[in-house]
Every structure is written in C-alpha cells, then in structure tokens.
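Let's take a walk through this structure together, starting from one side chain and working outwards. Have the sequence and the 3D view ready.

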Amino acid sequence: MNRRTLLAAAAALPLAAPALAQPARRPLRLVVPFPAGGTADLLGRLAAREIEVALGAPVVVENRAGAGGAIGSDSVARGPADGSTILLSNIASQAIGPAVNRSVPYNPVTDFRHIALVAAVPSAIAVSAAGPIRTMADLVARAKAQAGAVRFGSTGIGTSSHVKLELLKRAAGVDITHVPYRGSAPATTDVIGGQVEGLIAAVPDIGNNDRLRLLAITLPERAARWPDVPTVVEAGFPTLVATNWFGLSGPAGMPADQAAEINRAVVAGLNSPAMVERLAQLGAPPNRMSPAEYSEMVSSEVTRWADIARSANIRVE
C-alpha cells in the first residue's frame, strides 16, 4: 500500500479518532497552608500524588503559609467553587486556630466542603532522657508536689501543642508552667538542655530523638512505630487522646460529585502498601473516611477544641 492509499484510508475515518480520545483533565490546585518541608507539606504532596495517579489529572501543590494556616485556608474558602482548588485542611487551621483567634475570617464548618481524611498523626508527651522523670506518674507527682515548678515548652501560643498542654493540666489536675517557642526544634533543644522539663509535640517531630524520653503517646492503642511507648489511656488519661489530623477540603459550593471522586482517589491511595508503610513511619494508623464522616469529624473537633480553649482562657489576637 503506497503513501497515497494510506492517506485516503485515514481520511475515510475522520470520526473514529475523536470517539476514542479522552479529554484532558484540567489541573487541580492543592493549597497547603504551611511552609514547605514540614509534616503538612509531606502529607499534602503524598495526597497529590495519589490523586494524580487515580484521576490522571496533574495536581499542583501551592504552599501558602501564614497566620497558623488561616491565610491559605481563607484563600480556598473564598476561591472558586468549581472543583479546581482544594485545601490541605488540618487541626491547626480548622479547629484550634478558630478556637483561639477571633479574627480567623472563615467558619471551619460552613465555609468548606470536607472531602477526605489523609492522616491522623499522634503527639507525644516527652522529657529529657537524662532527667529524673521516667513515667507519666513521675511527671504528675512532681507537678503536684511543686505547683508551677514544672515547665513545658510548646510550639507557640495558641498552637496545637499549647492547647494539648492545657488539656493535660486539666486532666491531671496539675499546674505546669507553659513556655512558648517558635516551633518544636528550639523547644526540643531546651528540653534536652534542661531549661524546661518537657514538651508536647507531634511524634514525627520528636519521636526519633534518642535524647528525649517519650512518656506517652496520644493514641488509644500503641503505635506500631513506637511499640514500647505507653498510651495516654494506659497512663490513666483517656481525655488526652488526640491527633494532629490532616485532610482535604474544598469551598462550600464545591460539587458533591467532585468531592466524592477525590475521596475515592485518596482512599484508594491510602489502601496501597506503600502508603500504609509511609504513614506507619509517621505513627499514623490507617483511617479512611467518606466525605460525610470527615465532615462530622471536623465539626466534632471544632467543638472540642473551642471548649478547651475557652476553659483555659487561651486567646491569640
């Protein structure tokens, strides 16, 4: 068959090619409301990769940090509700931030369509490995013996770390002095150096430091990654069960079918052996939720942390 015959044959089938072609999916923008390099950024990029694989659509991750996650979160809440932009929602920007700061410009429940939970990372109560406090019982006994003498660092005023410290004080009935830092790294340095007795922080930030002793992890069951660390339930403080959760949300007007499609993509990714292993390294147990279940969880967390912030009189203006 010569070249002319080939061209004629192709021309005879002008309608066949478009019928087989798949329309290109438009890119999806995922706003991570924190700087690059942290746990939020890592989880956002893991979720973006799974969405790309499942939907065949490019996902562009945009780090838009500031105001404890409020700036990036508000940009999504006020942005187009056509399914083109989603948010890495989390405990800081959706629950604790609005609880402690009246100036947060969005409602974490009504201004978003919550899509899927990506991971729930536990915190740990930690002290210096060289110090005399070896158990939660030791910590409570010392705090009760000398009110205010025990000092605990946090990652800053009004942060998840700070509010969880207040929850510990209320649960144990003790007075521990709060010392705020700019992040977990300087707080950890001072715990090791003996300037403060301990801190509460996300396990991925402190769990691999052999100069710290983890007294308890804030899960109902022991984490496979740190099997020798007791839980707060074992220590007698079930109200301290809490995680630093991260999920996906869109503007309130985002179509439900688009939210459901992204949820299916994320859940499929969470079921992959590689993702299960990666999350286990962060101490995050498998936890898959429908959009309705994640929305209910966010609402519950908003109420919980607002009550704690109010009772502890934590305010950031």
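R29 is partly exposed, with a relative accessible area of 25%. Keep in mind as you look that this is a predicted model. What does the side chain of R29 meet in a salt bridge? Its partner is E62, with an N to O distance of 2.5 Å. The two residues come from distant parts of the chain: R29 belongs to strand β1 and E62 to strand β2, and 33 residues separate them. E62 is likewise partly exposed, at a relative accessible area of 26%. As a general point, side chains of opposite charge can pair when their charged atoms come close.

Now widen the view to the strand that carries R29. Strand β1 covers residues 28-32 and is mostly covered, with four of its five residues buried. To find its neighbours, look first at β2, residues 59-63, which runs parallel to β1 and is joined to it by five bridges. Within this pairing, L28 stands opposite V59 of β2. Strand β3, residues 85-90, also runs parallel to β1, and three bridges join the two. Here R29 turns up again, standing opposite T85 in β3. If you trace the chain from β1 to β2, you pass helix α3, residues 39-55, and together these three elements make a right-handed β-α-β unit.

From there, move on to helix α4. Is this helix, residues 70-77, mostly covered or mostly uncovered? It is mostly covered, since seven of its eight residues are buried, where buried means under 20% relative accessible area. Those buried residues are A70, G72, S73, D74, S75, V76 and A77. They pack against several elements, among them the strands β1 and β3 that you have already met. Their other packing partners are α5 (91-100), β4 (112-128) and β9 (243-251).

Let's return to charged pairs, this time elsewhere in the chain. The total for the model is eleven salt bridges. One of them joins E234 to R222, whose closest N and O atoms are 2.8 Å apart. Both E234 and R222 sit in the loop between β8 (212-217) and β9, twelve residues apart. E234 is partly exposed, with a relative accessible area of 47%, and R222 is partly exposed too, at 41%.

For a pair within a single helix, look at α12, residues 291-311. D307 and R310 both lie in this helix, three residues apart, which is about one turn of the helix. They form a salt bridge, with 2.9 Å between the closest N and O atoms. Are these two residues buried, partly exposed or exposed? D307 is partly exposed, with a relative accessible area of 37%, whereas R310 is exposed, at 57%. Salt bridges can also share partners, and in this way D74, R78 and D111 are joined into one network. You have seen D74 before, among the buried residues of α4.

Finally, step back to the chain as a whole. It has twelve helices and nine strands, and its C-alpha atoms fill a box of roughly 95 × 40 × 30 Å along the principal axes. Of its 317 residues, 49% are buried. The accessible surface comes to about 14,500 Å², and carbon and sulfur atoms account for 56% of this area. Among contacts between residues at least 6 apart in sequence, 76% join residues at least 24 apart.

Notes:
Residues numbered from 1 in each chain as written. Predicted model: local features only at pLDDT ≥ 70, side-chain atom pairs only at ≥ 80, totals over all residues. Heavy atoms only, no water. Buried < 20%, exposed > 50% of the residue type's maximum accessible area, 1.4 Å probe, protein only. Pairing = 2+ DSSP bridges. Right-handed = clockwise from strand over helix to strand, strands pointing away. Contact = heavy atoms within 4.5 Å. Salt bridge = Lys/Arg side-chain N within 4 Å of Asp/Glu carboxyl O. Areas by Shrake-Rupley, 256 points an atom, 1.4 Å probe, with all protein chains shown as cover.
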